[in-house]
Amino acid sequence: MKLCIIGSGHVGLVSGACFAEIGHRVICVDSDREKIEKLSNGVIPIYEPGLEELVEKGRNSGRLLFTAELSKAVRDSDVIFVAVGTPPMPDGKADLSYVEAVCREISEVMDSYKIIVEKSTVPVETGEWVKQTLQRNIHSVDFDVVSNPEFLREGTAIKDFMEPDRIVIGVESERAEKIMREIYAPLSSPIVITDIKSAEIIKHAGNSFLALKISYINAIATICELAKADVEKVAAGIGLDKRIGASFLKAGIGYGGSCFPKDISAFIDIAGELGYDFELLKAVENINKVQREKIVKKLRDVLWTLNNKTVGILGLSFKPDTDDMREAPSIYIVNELQKEGVSIRAYDPAAIENAKRIWNGITYCKNAYEAAEGCHAIMILTEWREFQELDLEKVKKQMIQPVVIDGRNIYEPVKMKKLGFTYVSIGR
Ligand code: UDX
């Protein structure tokens, strides 16, 4: 099948490389010529394990191509995936101007039947707008609109694409359904066929439910702190119930990233527009915000005053195995500490370059031991595996006083106490 993917960000690039891997010819389009130039030379602008190798393989096979020329790519393809950004606007709404602009461009150059697939996360009813936008310009050729949301996690995106729990296809014609099924035939995952609006809601409802699980366990963590119980044990105890499931029950400093915060606020917004006040999700957002505030309070409760203290921050990315800092809890936390006069020494295995674009007033370190040097406390903000494997005796020797505030519960409280640390974590 001849596919074209418009937007070479995380979703577009991973999808393009994976579609090429399963045998399709794929043209990835992006208006950023510099990015296309780099990609054409095998330089990957994002950190995603396995992606570089997959892009290389696709390029060598001749099935994966990159271009900034949308018109030719569209004409040369049967199916056009739209994977451009839908960033949040100040009021929480998703900004759909890139989706609209791309649809207009497609409509101006289409010269034969095409399927236009919404891959970007969009609020319900966007499909209708896409259809109308295309119809306005297209007169003599036929087309179908499809919603095919992605469920790719950063860090495991290739596996998520190749072995998805399910593939959701919102479609309204048999012709388009047949072609979409053919595209995904090499993957042996269940396919859920729905109407377009239901597919759009599946994406928002799925992400919101996962965020809800995180905020739920964080609320339980607060109760555990008040009752002197252990949230890790509670999570294990409830997670073994198959109806609940163990995943996304990790208490911590809350969710971040390019999807959850944006999708939850967009879902609240569209629900409101449709006439439903989504109070449940507003509570999810609020609990998430409070988790960040609470970790700063925990530090204050141990150090008493923060002015002129030095704190080591281990982990800046919103989660491990990515360099992505978008909506990372670390941003709020570091900003708060700076406001209170704390000197920050930070280390992250992948996100330092991105962090440098946010702060220049902090000391960036080469490793965790260097970050701990001369510190009154260290804070764990991302659960990178290498932090779990640190020589904690060595860490302690670098510090002025042995205080660890663990926002991701990566250490055992009993062990930390034995090692002589003042150790504070979440819900334990
Ligand atoms: C998410 C969805 O999982 C994916 O399906 C969607 O397409 C894009 O958004 P991603 O943002 O890459 O993927 O990260 P994810 O692994 O889902 O984690 C999101 C945030 O939740 C991270 O900040 C993570 O630290 C936090 N989290 C996750 C928890 O705090 N506790 C958990 O138990 C799980």
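**Notes on two helix pairs, one leucine and the ligand site**

1. Let me start with α11 (residues 260–274) and α12 (residues 279–303), two helices that pack at an angle of about 150° with their axes 9 Å apart. Helices here are DSSP runs of H or I with at least four residues, numbered from the N terminus. Axes are lines fitted to C-alpha atoms over the stretch in contact, and angles run from 0 to 180 degrees between N-to-C directions. The pair α11 and α12 is therefore roughly antiparallel, a label used for angles over 145 degrees.

2. A word on provenance: this is a predicted model, in which local features need pLDDT of at least 70 and side-chain atom pairs count only at pLDDT 80 or more, while totals for chains, interfaces and linings use all residues. Residues are numbered from 1 along each chain as its sequence is written, and side-chain values use heavy atoms, with hydrogens and water left out.

3. Back to the first pair: the crossing of α11 past α12 is left-handed, that is, the near helix is turned anticlockwise from the far one by less than a right angle. On the α11 side the contact (heavy atoms within 4.5 Å) uses Pro261, Ile264, Ser265, Phe267 and Ile268, and α12 brings Leu281, Lys282 and Glu285. By class, that gives five nonpolar, one polar and two charged residues.

4. The second pair is α9 (residues 196–227) with α10 (residues 231–239), at an angle of about 130° and with axes 9 Å apart. These two helices are therefore oblique to each other, and their crossing is right-handed. Tyr216, Ile217, Ile220, Ala221 and Cys224 of α9 meet Val231, Val234, Ala235 and Ile238 of α10. You may like the class count here: nine nonpolar, no polar and no charged residues.

5. Helix α9 also holds Leu212. Setting aside neighbours within four places in sequence, Leu212 is in contact with Leu280 and Val284. From Leu212 to Gly427 there are 215 residues in sequence and 17 Å in space, C-alpha to C-alpha.

6. Finally, the ligand. There are 19 residues around the ligand, of which Glu154, Lys250, Gly256, Phe318 and Lys319 come nearest; a residue counts if one of its heavy atoms lies within 4 Å. Oxygen atoms of the ligand lie 2.8 Å from a polar backbone atom of Lys250, 3.0 Å from a backbone N or O atom of Phe318, and 3.3 Å from a side-chain N or O atom of Glu150. Polar contacts of this kind are pairs of N or O atoms within 3.5 Å.

Definitions and conventions:
Parallel < 35°, antiparallel > 145°, perpendicular 65-115°, else oblique. Nonpolar A, V, L, I, M, F, W, Y, C, P; charged D, E, K, R; others polar. Polar contact = N/O pair within 3.5 Å; in protein donor to acceptor, adjacent residues only side chain to side chain.
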